[in-house]
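Visitor: I would like a close look at the salt bridges, and at what surrounds them. Please take it slowly and give the cut-offs as you go.

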Amino acid sequence: MRRPEPFEVFQPQSIAEARELFRKNGSGGYFLAGGTDLLIAIKEKGLAPRYVVDLKKIPSLSGICQISDGWVTIGSLTTMREIETSRVIRGRYPFLAQSAAEVGSIQIRNRATIGGNMANATPSADVAPALLVLDSRVKISRSEGEKIVLLEEFFVGPGKTVMESGDVLTEILIPPTPPDFRGEYIKFSPREMMDLAYVGVAVGIVVDGSRKICQDVRIALGAVSPTPMRAHKAEALLLNQEITPSLAERAGEEASNECKPISDVRSSAAYRKEMVRVNTKRALLNAAAGYVENLSWMARRDRRY
Amino acid sequence: MHTKIQIRLNGKIQTLTVPPFRLLLDLLRDEIGLTGTKEGCGTGDCGACTVLLNGKPVNSCLVLSGELDGADILTIEGLKIGPHLHPVQQAFVQEGGAQCGYCTPGMLMMTKALLEENVNPTEEEIRFALSGNLCRCTGYAKIIQAVQIAAAELRKSGK
């Protein structure tokens, strides 16, 4: 395996210092979070930085906070393993903890960060669909100040986001969810561990328990378009309707029509579309199973943390 | 292009002057001479290079020396307790949890990390924890038995 060509490593103590280092040193610089994408790019894809600015010594970038008005913030340098094992995340958004646990191995998840994963904008990122159904936003620090962007508008294309050179992603913000909000994430992949998704489907839903009526729903898909995406047309089918297996089936078909997968080494586009149809239905039925009896497609995949 | 770092390596504080772009794996093997840590894939897929960084298992092939100032690193060479094998090492020897042995240092470090968090793991939990450690001899059955024996030993000794 190729070794990195010489480059400088800076370890700033604050975001302002990090941005200043980046500005002062000019082109050829990369911000370093967990390194599980950047080091691979250097070793496998010939990326040759002149310098990297390591963000790990900036204390304010790490950690998960519950804010009094129901928001939860996740610092961009929080590791996937911290999210997977966090009491707050497992208690409030178990499907987000599960999606983090789907990434790589424990060794990788001890390094990989949620901010690095979002900034890298891989279409198949497992955490992205889960964050999309939570209506998450990202906070970006730039010279003009801070900017908050909806995650749905943050991704622009494979590996591309709205961030400009020198911007630092500092926080993921999750708005309050209703107490009866239920979420589900299904990663459909060839291997159970250590693999990328053929497709990833997340569903977040609020159902009126007595009338079985869907009051709010979000569906997000991974690995089936240039960016992680919301399936708005499928959502519209479900809103204010009674959740039944046949309606879930129709929503799956709609999501399958909406997505724009490519054929690659993992799977053909046609297969991905079919798997979106099936897994959207399954995710919907699993998420709604808490409200509606006999709806669950199957026992939840029993995940251990 | 060199940077000065202070690390605690297998319990000993060391001050080193290293190229910041040097991988932790290469720092250990080529500059310090601790060759127990192995390189497999070099891309974080196989776990052969697993070491504990600040108590947590990581792939040392994806860590830069320039990130390490103040770090606490434990490698396979530091696993022994005085002159005695660690119960995890003892169990792998006893159960034959190694064939060619190349993945073994990584397996042992990951097992130590698992048992520190959970001293009574189910087989599923063991498989989940070791999913980032590949054994291409495919000797997983004995490895998992060894982890179970080590866990029982650690429970008995209350460690």
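Guide: A residue is called buried under 20% relative accessible area, exposed over 50%, and partly exposed in between, with a 1.4 Å probe and protein chains only. The model is predicted, so local features need pLDDT of at least 70 and side-chain atom pairs count only at pLDDT 80 or more, while totals for chains, interfaces and linings use all residues. Residues are numbered from 1 along each chain as its sequence is written, chains are lettered from A and ligands numbered from 1 in the order in which they are written, and side-chain values use heavy atoms, with hydrogens and water left out.

A salt bridge here is a side-chain nitrogen of Lys or Arg within 4 Å of a carboxyl oxygen of Asp or Glu. Over all chains the structure holds 26 of them, and five is the count between chain B and chain A.

Take Glu67(B) to begin with. Glu67(B) pairs with Lys56(A) in a salt bridge whose closest N and O atoms are 2.6 Å apart. Lys56(A) also meets Asp54(A) in a salt bridge, at 3.1 Å from N to O. The accessibilities of these two differ in class: Lys56(A) is partly exposed, at 31%, whereas Asp54(A) is buried, at 0%. A network of salt bridges links Asp54(A), Lys56(A), Arg111(A) and Glu67(B).

That network belongs to the contact between the chains, where 36 residues of chain B meet 36 residues of chain A; contact means heavy atoms within 4.5 Å. About 3000 Å² is buried between the two chains, and carbon and sulfur atoms give 59% of it. Buried area is the accessible area (1.4 Å probe) that two parts lose on being put together, summed over both. Glu67(B) comes up again here: Leu62(B), Glu67(B) and Phe128(B) are the residues of chain B that lose the most area to chain A, together 24% of what that side buries.

Across this interface there are also 11 residue pairs in polar contact, both residues being at pLDDT 80 or more. A polar contact is a pair of N or O atoms within 3.5 Å; within protein, one must be able to donate a hydrogen and the other to accept it, and residues adjacent in sequence count only if both atoms are side-chain atoms. On the chain B side, the elements that give two or more residues are helix H1 (24-32), strand E3 (50-53), strand E4 (56-59), helix H3 and helix H4 (123-129) of chain B. Helices (H or I, at least four residues) and strands (E, at least two) are DSSP runs, numbered from the N terminus. By class, the side of chain B that touches chain A has 16 nonpolar, 11 polar and nine charged residues. In that scheme Ala, Val, Leu, Ile, Met, Phe, Trp, Tyr, Cys and Pro count as nonpolar, Asp, Glu, Lys and Arg as charged, and the others, Gly among them, as polar.

Other salt bridges lie within chain A. In one of them, Arg230(A) pairs with Glu152(A), with the closest N and O atoms 3.8 Å apart. Arg230(A) is in strand E14 (residues 229-230) of chain A and Glu152(A) in helix H9 (residues 151-154) of chain A, so this pair ties together parts that are 78 residues apart in sequence. Arg230(A) is buried, at 12% relative accessibility, and Glu152(A) is partly exposed, with a relative accessible area of 33%.

In another, Glu274(A) and Arg277(A) have their closest N and O atoms 2.8 Å apart. Both lie in helix H12 (residues 269-288) of chain A, three residues apart, about one turn of the helix. An α-helix has 3.6 residues a turn, so residues three or four places apart point the same way. Glu274(A) is partly exposed, at 34%.

One polar contact within chain A may be set beside these. The side chain of Arg19(A) makes a polar contact with the side chain of Ser141(A), at 2.4 Å. Ser141(A) is placed in strand E6 (residues 137-142) of chain A and is buried, with a relative accessible area of 6%. Leaving aside neighbours within four places in sequence, Ser141(A) is in contact with Ile15(A), Arg19(A), Gly166(A), Asp167(A), Val168(A) and Thr170(A).
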